[in-house]
Amino acid sequence: MDQPIPPGPGHNTPPDAVAAQVAREAARRRTFAIIAHPDAGKTTLTEKLLLRGGAIQLAGAVRAKGDRRRTRSDWMKIEQDRGISVATSVMTFERDNVVFNLLDTPGHEDFSEDTYRTLTAVDAAVMVLDAAKGIEAQTRKLFEVCRMRDIPIVTFINKMDRDGRDVFELLEEIEKTLALDVAPVAWPVGLGREFIGTYDLLRPSLHLMADGSQPLALSGLDDPRLDAAVPKNLVEGLREGAELATALSTFDEKAFLQGTMTPVYFGSALRDFGVGHLLDGLARYAPPPGSRAADLRVVEPEEPALTGFVFKIQANMDPNHRDRVAFLRICSGRLLKGMRLKQVRTGKAVPVNAPLFFFARDRQVAEEAFPGDVVGIANHGVLRIGDTLTEGEDINFRGVPSFAPEILRRVIIDDAMAAKKLNKALEQLTEEGVVQLFRPLDGAGVVVGVVGALQLDVLGARLAAEYSVKARFESTGFDLMRWVVTEDRIAEEKFRRTNSHDIAEDHDRNLVAFFTSDWRRKRAEEEHPALRFVELREQH
Ligand code: G4P
């Protein structure tokens with residue numbers, strides 16, 4: 001298994017110098033994702049963030065559907081047709097010496113496991129709420145995933161330029177429904193059509209929409225310049241609201257970093273207001289890459305030796321090549337072009353000749369990358385989701401999850417000759433994380449599992465476009481699937497014998513059970529107390 005990894009470029013640099021550089025670079029990284037319910041304004045905010053970072057020149061480029069898209073494979077058409085982002089992408093931009101890595105998560109209701117996995121690769125999240133709607137179903141779902149890892153969350157209440165709900169009511173809703181303390185760091189001046197800007201509660205100053213990005217520094221709410229700058233009918237409301245908000249809660253950085261308190265910003269992504277303030281907040285308060293637990297020890301970002309894990313695999317945009325890009329989140333050390341890394345799962349050496357940085361407009365070949373960065377590594381299916389890469393050490397990062405799929409379908413093909421091709425295609429797409437694959441132990445046809453129905457469309461389109469396999473998906477009659485975990489071989493054997501029609505093996509040959517209802521699952525738990533039926537499994 002163990003294969004010595006030959007030293008790559010950069011091995012001549014004294015370790016102390018590398019450690020100092022890594023510590024410096026890690027400290028200025030902010031790696032985050034935006035979580036939002038569809039329509040709250042995530043795309044608009046992303047555009048404005050990238051504009052501020054100089055990553056794109058034109059607003060609208062994030063949604064550009066021109067030639068760039070046309071070169072992509074067929075399944076990307078789903079993305080175009082539905083106007084939603086199917087694939088998770090990474091965008092890097094720099095502002096005031098801070099490097100921001102924004103990991104985009106699909107915002108559609110029908111999201112996939114990619115969304116969850118992306119959240120394992122970030123150090124903070126921005127939660128975007130629509131001022132008129134507050135917390136919505138998907139906000140809550142994504143928030144719960146963040147909470148599992150105690151990811152610090154910055155809240156951005158968007159669409160303040162439109163008639164929204166009472167601000168105190170919104171804050172209370174966040175606090176109540178998410179059990180998360182709130183601390184407004186700004187207070188809106190006017191609401192809806194009267195909204196003209198915000199007052200910064202932490203660093204007393206007035207940000208007016210009309211003034212572009214130049215805030216007016218003030219001594220506090222009593223500053224007479226406030227009366228000069230804000231219309232009479234709004235100034236009293238501002239003073240009252242801001243005083244009450246300050247009395248109710250103060251921002252506590254430690255609680256924020258522990259994931260129990262969220263600072264709240266207000267703005268309008270559409271009008272490009274409040275976005276700079278939010279970025280300043282991320283730069284100031286969001287954490288740089290921190291320590292990460294691996295199976296054998298905790299890894300610190302400033303360690304000079306490179307470690308990282310693969311959280312996403314994406315098929316190459318070019319349908320003529322079977323290349324895949326593995327997205328590696330760097331946890332420690334320095335990645336240099338030309339390095340050979342060890343894939344801990346297999347002990348194999350993986351050459352990293354052309355790591356890709358994902359700028360919003362283009363992919364660029366990176367010379368070096370640091371903790372917090374995400375780089376793409378092109379490979380022919382060697383790398384898998386959950387893989388740990390190191391410079392030789394045998395450690396595995398924990399926590400890239402597989403979720404029990406909510407939709408189970410049998411794959412049907414009319415052309416029996418295509419069975420072998422289908423098998424190979426499904427295996428490849430499973431390794432890419434597009435679907436989960438289950439082989440029923442009674443010999444029935446393969447079952448695919450997905451978290452959202454959109455994933456089935458993607459699967460069908462890709463099978464047709466990339467493998468020339470026409471497949472249909474039929475109901476299995478099962479509503480639930482769980483992994484069966486136990487140390488008790490006899491109990492497992494008994495379960496296998498008594499449930500031979502409802503069990504299968506996943507791609508890694510783990511035992512899974514299918515159920516027709518949650519009631520059935522509960523029954524199985526009662527009948528087989530030595531077994532656990534788990535919903536979430538870590539890769540490897
Ligand atoms: P999403 O990615 O979270 O799904 O939301 P997106 O940014 O696409 O925004 C959803 C709609 O809300 C868009 O309008 C967008 O223009 C609008 N919007 C976003 N931010 C603001 C804001 O701060 N104020 C106001 N008033 N509207 C905002 P649309 O009509 O659905 O799309 P489009 O035709 O404008 O692209």
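The ligand in this predicted model is surrounded by 16 residues, the closest of which are G41, K42, T43, T44 and L270. Helix 2, spanning residues 42–52, supplies the largest share of that shell, with three residues. The chain holding this site is divided into three assigned parts: domain 1 (30–285), domain 2 (292–390) and domain 3 (401–538). The points below treat the ligand shell, the annotated positions, a histidine in helix 11, the domain contact and one strand with its partners.

**Ligand shell**
- By residue class, the shell around the ligand comprises five nonpolar, six polar and five charged residues.
- Among the closest residues to the ligand are K42 and L270, and the helix that gives most to the shell, helix 2, covers residues 42–52.

**Annotated positions**
- An unreviewed UniProt entry lists D104, T105, P106, G107, H108, N158, K159, M160 and D161 under "binding site".
- One of these listed positions, T105, lies in the loop that runs between strand 3 (98–103) and helix 5 (113–119).
- T105 counts as buried because 25 other C-beta atoms lie within 10 Å, where the cut-off is 20 or more.

**H277 in helix 11**
- H277 belongs to helix 11, which covers residues 275–285.
- With 21 other C-beta atoms within 10 Å, H277 is buried, since the threshold for that class is 20 or more.
- Leaving aside residues up to four places away in sequence, H277 touches A186, H207, Y265 and G267.
- A183 is separated from H277 by 94 residues in sequence, and the C-alpha to C-alpha distance between the two is 15 Å.

**Contact between domain 2 and domain 3**
- The C-alpha centres of domain 2 and domain 3 are 29 Å apart.
- Eight residues from domain 2 and six residues from domain 3 take part in the contact.
- On the side of domain 2 that touches domain 3, strand 14 (residues 307–315) gives the most, with three residues.
- That side of domain 2 is made up, by class, of four nonpolar, one polar and three charged residues.

**Strand 17 and its partners**
- Strand 17 (residues 339–343) is mostly covered, as four of its five residues are buried.
- Strand 17 pairs with strand 18 (residues 348–352) in the antiparallel sense, over five bridges.
- The hairpin formed by strand 17 and strand 18 has four residues between the strands, and G347 there takes a positive phi near 80°.
- Strand 17 also pairs with strand 23 (residues 388–390), again in the antiparallel sense, and two bridges join strand 17 to strand 23.
- Q343 has a partner in each of these strands: it stands opposite K348 in strand 18 and opposite L389 in strand 23.

**Chain as a whole**
- The chain contains 15 helices and 33 strands.
- Of the 540 residues in the chain, 44% are buried.
- Among contacts in the chain with a separation of 6 or more, 72% are between residues 24 or more positions apart.

Note on methods. Residues are numbered from 1 along each chain as its sequence is written. This is a predicted model: local features need pLDDT of at least 70, side-chain atom pairs count only at pLDDT 80 or more; totals for chains, interfaces and linings use all residues. A residue is near a molecule or strand if its C-beta atom, placed from the backbone, lies within 6 Å of it. Ala, Val, Leu, Ile, Met, Phe, Trp, Tyr, Cys and Pro count as nonpolar, Asp, Glu, Lys and Arg as charged, and the others, Gly among them, as polar. Domain bounds come from an automatic or database domain assignment. Two residues are in contact if their C-beta atoms, placed from the backbone, lie within 7 Å. A residue is buried if 20 or more other C-beta atoms lie within 10 Å of its own, exposed if 12 or fewer, and partly exposed in between; C-beta atoms are placed from the backbone. UniProt positions are given in the numbering used here, feature names are shortened, and annotations may be inferred rather than shown by experiment. Two strands pair if DSSP finds at least two bridges between them.
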